[in-house]
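Student: I am new to this structure and would like a close look at a single part of it. Please begin with one residue and work outward from there.

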Amino acid sequence: MNDRLPHEKGFHVSWDQIHRDARALAWRLQGVAPEGGWRAVVAITRGGMAPAMIVARELDIRTVDTISVKSYDHQTQSEPRVIKSPDMDIIGDGEGVLIVDDLVDTGKTLEVVRAKMPKAHVATVYAKPMGRSQVNTFVTEVSQDTWIFFPWDMALQYVEPYRGT
Ligand SMILES: O=P(O)(O)OC[C@H]1O[C@H](OP(=O)(O)OP(=O)(O)O)[C@H](O)[C@@H]1O
Ligand SMILES: Nc1nc2[nH]cnc2c(=O)[nH]1
Ligand SMILES: [Mg+2]
């Protein structure tokens, strides 16, 4: 699959697995919650929305907002741009706020987001080594040369048997 290059490996995540991993993230976040709990979640669209919903459900957080940062066209990276900001009257400097994304790769997206909400706690389900230092809590690390495929970008399809007739 040429459009996956230069990534050596593919890590294919099912709906079931992202659900379990996002729940594991919520469990960890509960363990480091401030007194009184997290007051809001900010999902980084679009990939952060599914894990953010699961985390908000598990931790009973009703205030959920979004920030939209566009940094990739398919697998080609360009400079990240904020297209939509959260309600800063509610989010403030980010104290007691959880920022959730599906993954961190180079960390460029999170750099932009953290600058807006410097006191927020940053959580991703998956992390690659280059961007790991931008994240406070994550669940699974994959190597830098791995491309993660999410269930919303995939479909079930027929696979040839190992041995033909
Ligand atoms: O750490 P970085 O190198 O900045 O990359 C990580 C970001 O890239 C992907 O989002 P993308 O910009 O592709 O948008 P999407 O979530 O709408 O798919 C992913 O969901 C992260 O948000
Ligand atoms: N789906 C997906 N988006 C990304 N954006 C940056 N890295 C990745 C990745 O490994 N998978
Ligand atoms: Mg994203």
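Is Trp-38 buried or exposed, and how many C-beta neighbours does Trp-38 have inside 10 Å?

Tutor: The model is a predicted one. In it, Trp-38 counts as buried because 22 C-beta neighbours lie inside 10 Å, and the cut-off for that label is 20 or more. Trp-38 sits in the loop between H1 and strand E2, the latter being residues 40–45. Leaving aside neighbours within four places in sequence, the contacts of Trp-38 are Ala-33, Leu-59, Ile-61, Gly-96, Val-97 and Leu-98. As for distance, Trp-38 and Val-112 are 74 residues apart along the chain, and their C-alpha atoms are separated by 22 Å.

Two of the contacts named for Trp-38, Val-97 and Leu-98, lead into the nonpolar core. The largest nonpolar core has 39 residues, and those with the most contacts inside it are Val-41, Val-42, Val-55, Val-97, Leu-98, Ile-99 and Ala-123. Two or more residues of this core come from each of H1, E2, H2, strand E3 (64–73), E5, helix H4 (108–116) and E6. E5 gives the largest share, six residues. Val-41 shows how such contacts run: apart from neighbours within four places in sequence, Val-41 is in contact with Ala-52, Val-55, Ala-56, Ile-61, Val-64, Leu-98 and Val-100. Ile-61 is thus a contact of Val-41 and also of Trp-38.

On the other end of the loop is helix H1. Helix H1 has 17 residues (15–31), which at 1.5 Å a residue should span 24 Å; the end C-alpha atoms are 25 Å apart, so the two values agree. Ala-22, Leu-25, Ala-26 and Leu-29 are buried in H1. These four cover an arc of only 100° around the axis, which means that they are on the same side of H1. The spacing fits a general rule: an α-helix has 3.6 residues a turn, so residues three or four places apart point the same way. Asp-16 and Gly-31, on the other side of H1, are exposed. The cover over the buried residues of H1 includes helix H2 (49–58), E5, strand E6 (121–127) and strand E7 (137–141).

Strand E5 has come up twice, as part of the cover of H1 and as the source of the largest share of the core. Asp-101 is in E5, which takes in residues 97–104. Asp-102 and Val-104 lie in E5 as well. Asp-101 is buried because 29 other C-beta atoms are within 10 Å, and Asp-102 is buried because 23 C-beta neighbours are inside 10 Å. Val-104 is buried too, since 27 other C-beta atoms are within 10 Å.

Again without neighbours up to four places away in sequence, Asp-101 is in contact with Ile-44, Gly-47, Gly-48 and Thr-124. Asp-102 touches Gly-47, Gly-48, Pro-51, Thr-124, Val-125, Tyr-126 and Phe-150. Val-104 has contacts that include Leu-110, Thr-124, Ala-127 and Lys-128. Thr-124 is therefore a contact of Asp-101, of Asp-102 and of Val-104.

Finally, an unreviewed UniProt entry lists positions under "binding site", among them Arg-46, Gly-47, Asp-101, Asp-102 and Val-104.

Notes: Residues numbered from 1 in each chain as written. Chains lettered and ligands numbered in written order. Predicted model: local features only at pLDDT ≥ 70, side-chain atom pairs only at ≥ 80, totals over all residues. UniProt positions renumbered as here; feature names shortened; annotations may be inferred. Buried ≥ 20, exposed ≤ 12 C-beta atoms within 10 Å, placed from the backbone. Contact = placed C-beta atoms within 7 Å. Expected span 1.5 Å × (residues − 1). Arc of directions from axis to C-beta. Core = buried A, V, L, I, M, F, W, Y, C linked by C-beta atoms within 7 Å.
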